Amino acid sequence: MELNDLVIPQKELGLRLNMLAVLGRRSFVNLQNLKKAMGDLTANFSEREFRCPCCDASKIDVGFVDRLQFARERIGKSMSINSGYRCFSHNRTVGGVDNSSHVIGLAADISCTNSSDRMLFLSILPEFFNRIGVTSKFIHVDVDDAKSPDVLWLYPPKK
Ligand SMILES: [Zn+2]
């Protein structure tokens, strides 16, 4: 078995990690490389993608990221996170509302700039998220229970 083969279906990953564990210390190095290549939160997402760009602060709900991962697997295409966690100050800088779900680590904006990707993403995302906002640059999803469920909104254009 090739331990450096990074394209591993997720269901096989657990089995392979168990094998790596019994192969000893030398394989541990490979395990670290594997984790880096695959994302440290889920198969495709890493914690750093969700950090606040102004201060590097990190606070993202792991259940939320799991949900993004399921959506990403159904979509079958890479997803780039435009904005994840925002500290209060950065949220104000980018014009976010003060009760933004980004400030509590329950939201992400997924880059989406063309109409065919928008069609694809919006055909799948509602299976996993019941709060979705759309702009010409990204699609916002969140799992903020404090807000209305089952809503799809558009943003006013930025001045
Ligand atoms: Zn910040």
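Two strands pair if DSSP finds at least two bridges between them. Helices (H or I, at least four residues) and strands (E, at least two) are themselves DSSP runs, numbered from the N terminus. With these terms, one pairing can be stated: Ala107 stands opposite Asp142 in strand 4.

The model is predicted: local features need pLDDT of at least 70, side-chain atom pairs count only at pLDDT 80 or more, and totals for chains, interfaces and linings use all residues. Residues are numbered from 1 along each chain as its sequence is written.

The protein chain has five helices and five strands, and along the sequence they follow the pattern α-α-α-β-α-β-α-β-β-β. The five strands form an open sheet with mixed pairing, in the order 1-2-4-3-5. Strand 1 (81–83) and strand 5 (151–154) are at the edges with a single partner strand each, so one side of each has no neighbour in the sheet. From one strand to the next the twist averages 30°, where axes are lines fitted to C-alpha atoms (for helices over the stretch in contact) and angles run from 0 to 180 degrees between N-to-C directions.

Strand 4 covers residues 138–142. Its pairing with strand 2 (residues 107–111) is antiparallel, over five bridges, and here Ala108 stands opposite Val141. Strand 3 (residues 131–134) also pairs with strand 4 in the antiparallel sense, over three bridges, with Val134 opposite Ile139. A hairpin of three residues joins strand 3 to strand 4.

Is strand 4 mostly covered or uncovered? Five of its five residues are buried, meaning that 20 or more other C-beta atoms lie within 10 Å of a residue's own (exposed is 12 or fewer, partly exposed in between, with C-beta atoms placed from the backbone). In the protein chain, buried residues make up 23% of the 159 residues. In a regular strand the side chains alternate between the two faces of the sheet. In strand 4, Phe138, His140 and Asp142 point one way, and Ile139 and Val141 point the other way.

Ile139 and Val141 also belong to the largest nonpolar core, a set of buried Ala, Val, Leu, Ile, Met, Phe, Trp, Tyr and Cys residues joined through C-beta atoms within 7 Å. Of its 21 residues, Ala108, Ile110, Ile139 and Val141 touch the most other members. Helix 3 (62–75), strand 2 and strand 4 each supply at least two residues of this core. Beyond its neighbours within four places in sequence, Ile139 is in contact (C-beta atoms, placed from the backbone, within 7 Å) with residues including Ile110, Phe121 and Val134.

Note on methods:
Contact = placed C-beta atoms within 7 Å.
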